[in-house]
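Subject: Structure handover

Hi,

Here is the structure for you to pick up. Please open it alongside this message; my notes follow below.

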Amino acid sequence: MDTERVKKVCVIGASGKLGQYMVGHALERGYEVVGVCRERSVPKLAAFEGRITVVPGDTNDPEVIRRAVAGCDGVLTVLVPWGVRQYASGTAQAVLDHARPGARLVFSCGWHISRDGKDTYSRLFVLGVRIATVLAKLVRAVELDDQVEACRRVFASDTRWTVVRGSSLEEGESQGLPVWSRHVGDPVLAGNLTRRVDFALFMVHALTDDTLVQEAPAIVGCRTPGALAHAGGSHT
C-alpha cells in the first residue's frame with residue numbers, strides 16, 4: 001500500500017502503553033487518529049487531547065468498533081486477553097466484521113501464537129506459557145487461549161491482515177525498527193527482547209509494508225545480539 005493512501009488510522013487499545021506509543025508514531029506520520037479504550041481509561045490519553053478522536057467503550061463491543069473504524073484506512077489492534085469472556089476474540093471479530101474492505105489490519109500478540117505450527121520454542125518458554133495459562137484461569141484475569149482463538153480467526157480471514165508477534169518487552173528509547181522472522185526459533189530472534197516503543201513502531205510500519213500482508217512476523221529488537229549477528233540478511 002502506498003503511504004499516501006493511509007490517511008486515517010484507528011488504534012484499538014489506545015490507552016495502554018503499547019497503544020499510546022502507536023498513537024504517537026501514527027501522529028508523527030501525519031495520520032488522522034481515532035483511539036478506542038474503555039471509558040475509565042480515557043484520562044490516560046490526556047497527552048493527546050485535541051489531536052485524536054477518542055471513542056470510549058469495550059473493544060469487543062461490535063457497535064463501538066463499527067463507529068471507531070468507519071472511514072479508516074488502517075486499524076491497529078492490541079489483542080488483550082482480559083478476563084474470561086472472550087475479549088480478544090470478540091475484539092478481533094469486531095474488527096474483521098466492520099473494517100472497510102481493503103483496510104490494513106494489524107494485530108499484536110505474543111510469540112506463543114503460531115500460524116503454521118513450525119515455530120520452535122525452548123522448554124522454558126513452553127513451561128512459562130503453560131504456567132501462565134493455568135494461573136490466569138484460576139484467578140479469572142487473563143484468557144491466553146482466547147488470544148489463540150482471536151488469531152485463528154484473523155488467519156482464516158481474507159482481509160489484508162498482519163499479526164505481529166512480540167518477544168519480551170522493555171521500556172527505553174527507540175533503537176529502530178525491529179527485525180523479524182516467520183518462525184520463532186530462527187537465530188535472528190535469539191535475543192528475545194524488544195523495546196515497547198519499537199514494537200509499536202513495527203505495528204505502524206506494517207500499515208504501509210505490503211510484504212507483511214497476511215504474514216505473522218515474530219519480531220525482536222534490532223540491537224539484540226542475534227539481530228546484529230544476522231545484520232544484512234533477509235530478516236528486515
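Start with the packing of helix α1 (17-28) against helix α6, residues 196-206. Their axes lie 8 Å apart. The angle is about 55 degrees, which makes α1 oblique to α6. The crossing of α1 past α6 is right-handed. Keep in mind that this is a predicted model.

Which residues make the contact? On the α1 side they are K17, L18, Y21, M22, H25 and A26. On the α6 side they are R196, V197, F199, A200, L201, M203 and V204. By class, the contact of α1 with α6 has 10 nonpolar residues, one polar and two charged.

H25 deserves a look of its own. This histidine is found in helix α1. Is H25 buried or exposed? It is buried, because its relative accessible area is 11%, and the cut-off for buried is under 20%. Setting aside neighbours within four places in sequence, H25 is in contact with V197, A200, L201 and V204. Those four residues are also among the α6 side of the helix contact.

Next, the cores. In soluble globular proteins, nonpolar side chains tend to be buried together. The largest nonpolar core here has 30 residues. Within that core, C10, I12, V75, L105, F107 and V163 touch the most other members. The elements that give two or more residues are as follows:

- strands β1 (8-12), β2 (32-37), β5 (104-110) and β6 (160-166)
- helices α2 (62-69), α3 (87-98) and α5 (144-156)

Which element gives the most to this core? It is α3, with five residues.

A second core is separate from this one and has 29 residues. Its members include V9, F48, A200 and V204. A200 and V204 also take part in the contact of α1 with α6.

Back to C10. Leaving out neighbours within four places in sequence, C10 is in contact with V34, V36, A68, V69, C72, G74, V75 and L76. V75 is another of the residues that touch the most other core members.

G13 is placed in the loop between β1 and α1. Beyond its neighbours within four places in sequence, G13 is in contact with G19, V36, T59 and V78. V36 is therefore on the contact list of C10 and on that of G13, where contact means heavy atoms within 4.5 Å. G13 and T91 are 78 residues apart along the chain. Their C-alpha atoms are separated by 9.9 Å.

Two backbone points to check. Most residues other than glycine have a negative phi. N192 and Q214 go the other way:

- N192 is not a glycine, yet has a positive phi of about 50 degrees. N192 sits in the loop between β8 (179-181) and β9 (193-195). N192 is partly exposed, at 28% relative accessible area.
- Q214 is not a glycine either, and has a positive phi of about 55 degrees. Q214 sits in the loop between α6 and β10 (218-220). Q214 is partly exposed, at 31% relative accessible area.

Last, the chain as a whole. The chain has 236 residues, and 50% of them are buried. There are seven helices and 10 strands. Of the contacts with a separation of 6 or more, 76% join residues 24 or more positions apart.

Best wishes

Definitions and conventions
Residues are numbered from 1 along each chain as its sequence is written. This is a predicted model: local features need pLDDT of at least 70, side-chain atom pairs count only at pLDDT 80 or more; totals for chains, interfaces and linings use all residues. Side-chain values use heavy atoms; hydrogens and water are left out. A nonpolar core is a set of buried Ala, Val, Leu, Ile, Met, Phe, Trp, Tyr and Cys residues joined through side-chain atoms within 4.5 Å. Buried means under 20% relative accessible area, exposed over 50%, partly exposed in between (1.4 Å probe, protein chains only). Helices (H or I, at least four residues) and strands (E, at least two) are DSSP runs, numbered from the N terminus. Axes are lines fitted to C-alpha atoms, for helices over the stretch in contact, and angles run from 0 to 180 degrees between N-to-C directions. Angles under 35 degrees count as roughly parallel, over 145 as roughly antiparallel, 65 to 115 as roughly perpendicular and the rest as oblique. A crossing is left-handed if the near helix is turned anticlockwise from the far one by less than a right angle, and right-handed if clockwise. Ala, Val, Leu, Ile, Met, Phe, Trp, Tyr, Cys and Pro count as nonpolar, Asp, Glu, Lys and Arg as charged, and the others, Gly among them, as polar.
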